[in-house]
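Trainee: I would like to go through this structure and ask what stands behind each label. Where shall we begin?

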Amino acid sequence: EQGITRPKGHKVSFHYNSRVEDMHFGKTHPMKPWRLTLTKHLVLGYGLQYAMDTYEAVAAGKDQVRAFHDPDYVDFLAEVSPETFPALCEVEKYKKHIANSPYQDLVDLGPFNLSTSPGADCPVFDGMSTYLFLYTGATLAATNQLVTGQSDIALNWSGGLHHAHKSEASGFCYINDIVLSILDMLRVYPRVLYIDIDVHHGDGVEEAFQRQPRVMTLSYHRYGQYDDTGHKFFPGSGDLNSTGLKGTIGEHFALNVPIPSGIDDRQYTHLFQSITGRALEAYKPSAIVLQCGADSLGGDRLGQFNLNIKAHGECVAFVKKARLPLLIVGGGGYTARNVARAWCHETALASDNKLPDRIPLDIVPRPEAFSRKSHGNGLLFPPFPRTHPNDCKDVDLELMIKKLDY
Ligand code: ZL4
Ligand code: CA
Ligand code: ZN
């Protein structure tokens, strides 16, 4: 912790509750709350707690979650467990919420796209309610720090669940903490810019504000054919021409940057800085929400980009330079040791600290997680580039940048 200092011109708050780590989505489910444990170990191992105000998150209230979500859905989420699920499915007010999902044949779905089948994207698991209301509480506390002017940057790595809809879970996301945060921000700030660097399209946030010119959503994501099975990369939306709901005043206030697999640091940084820079200049937001999904890193179990931790962090550094109230949330990220490295590095960037690349293995509780002979044990080690079926060879990045600048 030598050398860790508090930032000079701004205040950073860090919001977390370790109870989110106790949950398991299922044995081989890719979403591992363990990545949050590793992130915490690195943040504390480097001593970054001395650079920020740290807050233990408390659970969000049902009333707070109802600001966006359907009241029946909120009741269901608050009561559900693997034990109560079958009985709840029989309750009359929930029966009308059986989703009409294209994946119905794959898993046995209950209401709200929830299921106790092991193959489900959004399983019902032990401690689920606790987990959901805690990550949401952390995002709302972080938001409160910003809107009351008590912090300039607020962080919640357990949040950023961008796929959740008003009355439906989707893609490992149940409560859309980002939408709830932006709704709180709109009471104070005239315009909010939402930026999403998760490898998946931020569809839930875009949809929630598709009629709202006071929110601009900007998502960078893998888009197109997944492989030769004909499946599209999840969730399948977010092409260049989706720019908000046509015929409403929200039209033109959604931006999407669809990207093929295999994009590298240089290409991504160029895209990100050109487009984000232009959006900041044209939209002049009063505050920013940045979703930092770490599944855009190279070597991610689900992602197909080839970004280095340094390039991922440069997105955070670039956005921070706007000097606007900034909420930073996590999101996806499925190779836990890389997720932890990236989010620790980005916590340091947010608080103006430069970390030594050598991970303090003598202090972190699980050093073996970070010391792999094949990978080295540095903080910013470059993930090995991989090739994918439809790799980014000669997509015209300049054309994409030009098309979006209208
Ligand atoms: C799994 O191994 O593309 C779920 C999901 C459960 C356990 C064992 C069951 C085996 C990968 C994914 C069968 C698995 C079938 N288990 C999963 C169309 C799909 C339907 C479900 O980062 N099958 C759906 C969602 C995406 C689909 C990505 C990203 C969230 C975020 C923010 C969400 N859904 C095909 C997959 C496994 C599983 C292994 C999986 N699911 C990979 N990609 C998806 O943007 C947090
Ligand atoms: Ca994205
Ligand atoms: Zn993702």
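Mentor: Begin with the metal, and keep in mind that this is a predicted model. Asp198 (OD), His200 (ND1) and Asp295 (OD) coordinate the zinc ion (ligand 3), at 1.9 to 2.0 Å.

Trainee: What makes those atoms donors of the zinc ion?

Mentor: The cut-off for a donor is an N, O or S atom within 2.8 Å of the metal. The distances here are 1.9 to 2.0 Å, so the atoms of Asp198, His200 and Asp295 qualify. Water is not among the atoms, so a site may look incomplete.

Trainee: What spacing do the donors of the zinc ion follow along the chain?

Mentor: The spacing is D-x1-H-x94-D. Asp198 and His200 are both buried.

Trainee: Which residues are closest to ligand 1?

Mentor: Asp121, His162, His163, Asp295 and Tyr334 are the closest of the 22 residues that surround ligand 1. By class, that shell holds 10 nonpolar, nine polar and three charged residues. Asp295 also belongs to the zinc site.

Trainee: Why is the pair between Asp121 and ligand 1 called a polar contact?

Mentor: A polar side-chain atom of Asp121 lies 2.6 Å from a nitrogen atom of ligand 1. The limit for a pair of N or O atoms is 3.5 Å, so the pair counts. For His163, an N or O atom of the side chain is 2.7 Å from an oxygen atom of ligand 1. For Asp295, a polar side-chain atom lies 3.0 Å from an oxygen atom of ligand 1. The protein covers 73% of the 840 Å² of accessible area that ligand 1 has on its own.

Trainee: Why is Asp75 called buried?

Mentor: Its relative accessible area is 14%, and buried means under 20%, so Asp75 is buried. Asp75 sits in helix α3 (residues 71-79). Its side chain makes a polar contact with the side chain of Lys93 at 2.7 Å. Beyond neighbours within four places in sequence, Asp75 is in contact with Lys62, Arg66, Lys93 and Tyr94.

Trainee: What covers the buried residues of α3?

Mentor: The cover includes α2 (62-65), α4 (85-89), α5 (92-95) and α6 (128-147). The buried residues of α3 are Asp72, Tyr73, Val74, Asp75, Phe76 and Leu77. At the N-terminal end of α3, Asp70 acts as a cap, with a side-chain oxygen 2.7 Å from the backbone nitrogen of Asp72.

Trainee: How do you know that Ser219 is buried?

Mentor: The relative accessible area of Ser219 is 5%, which is under the 20% limit, so the label holds. Ser219 is in strand β5 (residues 215-222). The side chains of Ser219 and His221 make a polar contact at 2.8 Å. Leaving aside neighbours within four places in sequence, the contacts of Ser219 include the zinc donor His200. Among the others are Asp196, Leu255 and Val257.

Trainee: What makes Ile182 a buried residue?

Mentor: Ile182 has a relative accessible area of 0%, and the limit is 20%, so Ile182 is buried. Ile182 is found in helix α7 (residues 177-185). Not counting residues up to four places away in sequence, Ile182 touches Val192, Tyr194, Val205, Phe209, Val215 and Val289.

Trainee: How far apart are Ile182 and Ala369 in space?

Mentor: They are 35 Å apart, C-alpha to C-alpha, and 187 residues apart in sequence.

How values were computed
Residues numbered from 1 in each chain as written. Chains lettered and ligands numbered in written order. Predicted model: local features only at pLDDT ≥ 70, side-chain atom pairs only at ≥ 80, totals over all residues. Heavy atoms only, no water. Near = heavy atom within 4 Å. Polar contact = N/O pair within 3.5 Å; in protein donor to acceptor, adjacent residues only side chain to side chain. Areas by Shrake-Rupley, 256 points an atom, 1.4 Å probe, with all protein chains shown as cover. Nonpolar A, V, L, I, M, F, W, Y, C, P; charged D, E, K, R; others polar. Helix = DSSP H or I, 4+ residues; strand = E, 2+ residues; numbered from the N terminus. Buried < 20%, exposed > 50% of the residue type's maximum accessible area, 1.4 Å probe, protein only. Contact = heavy atoms within 4.5 Å. Donors = N, O, S within 2.8 Å, 3.2 Å for Na, K, Ca; no water.
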